[in-house]
Amino acid sequence: MRRRIVWWGLYGVFLAAPALFWGLATARADYSFGPHEATYEVTLDSRLTVDLGPLGSAVAPSRMLGPLGFLGGRVVVGPIPADLTSPEVPAAALAQDLAEYGEAYLGIEQTVRQAVAELAADALIRAGVAWGGALAATALAGLALGRARRTQWTMWARR
């Protein structure tokens, strides 16, 4: 019984690395960029790309996570939500939009910090789901094989 617990522990640690990598590489978050809606994604191209739609894209080298220099990011800036663009919007609301643009560009560190926190949370959730799924698939495969076949395989592995 103790050997089985050690084996499952080692197997779980073995599966954690690819699950964490997959979770990090596929992380995605929806967050604001000033008054705009934006989608933040992790990429594997070592570039930071900000897609501004018809205005074009800004691309810069990424310095994300130091030793993991291959990681990059992509921000797709979407439209301003419909409730902010209606023709009946008073001047005060337009002034608020202008203030949000200024806040987005002057307080970019706060925006980036919040977006990175959202991406990290999504990466951990994705990694947990992948890790749990792999462990569950292994356990189900073991149950599907049956005790006799599992015993044969463990005897083969001990040789």
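**Exercise 1. Work out how many helices and strands the chain has, and in what pattern they follow one another.**

Start with the count: the chain holds 4 helices and 5 strands, where helices (H or I, at least four residues) and strands (E, at least two) are DSSP runs numbered from the N terminus. Next, read along the sequence, and the pattern comes out as α-β-β-β-β-β-α-α-α.

A word on the model before we go on: it is predicted, so local features need pLDDT of at least 70 and side-chain atom pairs count only at pLDDT 80 or more, while totals for chains, interfaces and linings use all residues. Residues are numbered from 1 along each chain as its sequence is written, and side-chain values use heavy atoms, with hydrogens and water left out.

**Exercise 2. Lay out the sheet and find which strands stand at its edges.**

Step one is the order: β1-β2-β5-β3-β4, an open sheet of 5 strands with mixed pairing; two strands pair if DSSP finds at least two bridges between them. Step two is the edges: β1 (28-33) and β4 (57-61) each have a single partner strand, so one side of each is left without a neighbour in the sheet. Step three is the twist, which averages 20° from one strand to the next, with axes being lines fitted to C-alpha atoms and angles running from 0 to 180 degrees between N-to-C directions.

Now pick one pair. Strands β2 (residues 36-43) and β5 (residues 72-77) run antiparallel and are joined by 6 bridges. Thr 39 stands opposite Val 76 in β5.

**Exercise 3. Place Leu 44 and describe its surroundings.**

First, locate the residue: Leu 44 lies in the loop between β2 and β3 (47-51). Second, judge its accessibility: Leu 44 counts as partly exposed because its relative accessibility is 46%, and that class falls between buried (under 20% relative accessible area) and exposed (over 50%), using a 1.4 Å probe and protein chains only.

Third, list its contacts (heavy atoms within 4.5 Å). Leaving aside residues up to four places away in sequence, Leu 44 touches Phe 21, Ala 25, Phe 70 and Leu 71. Fourth, check a distance: the C-alpha atoms of Leu 44 and Gly 73 are 7.9 Å from each other, with their positions 29 residues apart along the chain.

**Exercise 4. Find what share of the chain is buried, and what share of its contacts is long in sequence.**

Of the 159 residues, 23% count as buried. Among contacts with a separation of 6 or more, 67% join residues 24 or more positions apart.
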